[in-house]
Amino acid sequence: MTNPTAAMLVIGDEILSGRTRDGNTFYLAGELTRHGITLREVRVVADDHVAIVAAVNALRAAYDHVFTSGGIGPTHDDITADAIAAAFAVSIGIRADARALLEAHYRRAGLEFNAARQRMARIPEGARLIDNPVSTAPGFTLGNVHVMAGVPNIFQAMVASVLPTLTGGAPLLSQSLRVNRGEGEIAGPFAALAAEFPDLSMGSYPFVQNGVLGTNLVIRGTDSGRLALAMTRLAALFPESLA
């Protein structure tokens, strides 16, 4: 059975300007791999309503799940929730349960629950809240789109809240072999091996270390027996290699 598919949409001018380094994609990719969901595409868009709506609609039509990060905070440029509502053609407003969570949180902290903070309780109609044990402000799921914060530790907590609710497939397994040869030398036999194992994914990743040119050969798949067989064949092709 084929594993479910996913895409990630990273939202924010700060990512595209280089001011902020995106680590959420790396984290999500690893978690999805372990859960048996195949991440097939990643897009980055600016804080632009039209761009977000277009990307969400394209991705949710193409994949089983879409994960977004960024743009659900209290400031004027946090427009993701409105864009998601527009993409699904539903209304958006302050929702009672989200408001109650936030109001209690700020009361405990001794802080004013002002208009800016109340913006984080604006949830599209029909969405399900995503728990946020770090800072309380919830994310939400609407259809197959999971909308989460951009702050890394909050994003990670939200991923932990969402993944147990999703049906995954077989975890993707991976093994690698280091060969001290350039890609041009190993390309022929490696391609022939890949043709023999069409059910596995094979990739080559060159490197230079201490002046030595080499290639890491990686084989991925969900069947441990097939993976082991392919790795045995690969090692026989390059007996000088280092696992």
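1. Helices and strands are here taken as DSSP runs, with at least four residues for a helix and at least two for a strand, and they are numbered from the N terminus. Counted in this way, the protein chain has nine helices and eleven strands. The model is a predicted one, and the points below should be read with that in mind.

2. On the overall dimensions, the C-alpha atoms of the protein chain fill a box of roughly 65 × 40 × 35 Å when the box is taken along the principal axes. The protein chain has 243 residues, of which 40% count as buried. A residue is called buried when its relative accessible area is under 20%, and exposed when that area is over 50%, with partly exposed in between; these cut-offs are needed for several of the points that follow.

3. Two residues deserve attention for their backbone angles. As a general matter, most residues other than glycine have a negative phi. Thr 136, although not a glycine, has a positive phi of about 75°, and Asn 210, which is not a glycine either, has a positive phi of about 55°. Thr 136 sits in the loop between strand 6 (128-130) and strand 7 (139-142), while Asn 210 is placed in the loop between strand 10 (201-209) and strand 11 (212-221).

4. Are these two residues buried or exposed? Thr 136 counts as buried because its relative accessibility is 17%, which is to be read against the cut-off of under 20%. Asn 210, on the other hand, has a relative accessible area of 77% and is therefore exposed.

5. The structure holds seven salt bridges, and a few of them can be described in detail. In general, side chains of opposite charge can pair when their charged atoms come close. One of these pairs joins Glu 31 to Arg 34, with the closest N and O atoms 2.6 Å apart. Both residues belong to helix 2 (residues 24-35), and because they are three residues apart there, about one helical turn separates them. Arg 34 has a relative accessible area of 56%, so this residue is exposed.

6. A further salt bridge is found in helix 5, between Glu 103 and Arg 99, where the closest N and O atoms are 3.1 Å apart. How many residues apart are Glu 103 and Arg 99 in helix 5? They are four residues apart in this helix, which covers residues 96-109, so that about one helical turn lies between them. Glu 103 is partly exposed at a relative accessible area of 29%, and Arg 99 also counts as partly exposed, at 28% relative accessibility.

7. Arg 95 and Asp 97 form another salt bridge through their side chains, at 2.9 Å from N to O. Arg 95 counts as partly exposed, with 23% relative accessibility, and Asp 97 is partly exposed as well, with a relative accessible area of 35%. A useful comparison of sequence with space starts from Asp 97: Met 158 is 61 residues away from Asp 97 in sequence, and their C-alpha atoms are 17 Å apart in space. Met 158 lies in helix 7 (residues 152-162), and with a relative accessible area of 0% this residue is buried.

8. On the surface, Asp 13, Glu 14, Asp 48 and Asp 77 form a negative patch. Glu 14 is part of helix 1 (residues 13-16), and this residue is partly exposed, with a relative accessible area of 31%. Leu 16 also has its place in helix 1, but Leu 16 contributes to a nonpolar surface patch of about 230 Å², which is made together with Val 42 and Val 44.

9. Two asparagines should be noted for contacts between their side chains and backbone oxygens. Asn 3 is located in the segment before strand 1 (5-11) and counts as buried, at 14% relative accessibility. A polar atom of the Asn 3 side chain lies 3.3 Å from the backbone oxygen of Gly 36, and the Asn 3 side chain also reaches the backbone oxygen of Ala 170, at 2.8 Å.

10. Which backbone oxygen does the side chain of Asn 144 reach? The side chain of Asn 144 reaches that of Tyr 63, at a distance of 3.1 Å. Asn 144 is in the loop between strand 7 and strand 8 (145-148), and this residue is buried, with a relative accessible area of 18%.

Methods:
Residues are numbered from 1 along each chain as its sequence is written. This is a predicted model: local features need pLDDT of at least 70, side-chain atom pairs count only at pLDDT 80 or more; totals for chains, interfaces and linings use all residues. Side-chain values use heavy atoms; hydrogens and water are left out. Buried means under 20% relative accessible area, exposed over 50%, partly exposed in between (1.4 Å probe, protein chains only). A salt bridge is a side-chain nitrogen of Lys or Arg within 4 Å of a carboxyl oxygen of Asp or Glu. Patches are made of residues with over 30% relative accessible area and no salt bridge: like charges are joined within 9 Å, nonpolar side chains (Val, Leu, Ile, Met, Phe, Trp, Tyr) within 5 Å. Accessible areas come from the Shrake-Rupley method with a 1.4 Å probe; for residues, only the protein chains shown count as cover. Lys and Arg count as positive and Asp and Glu as negative; His and the chain ends are not counted. The place of a charge is taken as NZ of Lys, CZ of Arg, CG of Asp or CD of Glu. A polar contact is a pair of N or O atoms within 3.5 Å; within protein, one must be able to donate a hydrogen and the other to accept it, and residues adjacent in sequence count only if both atoms are side-chain atoms.
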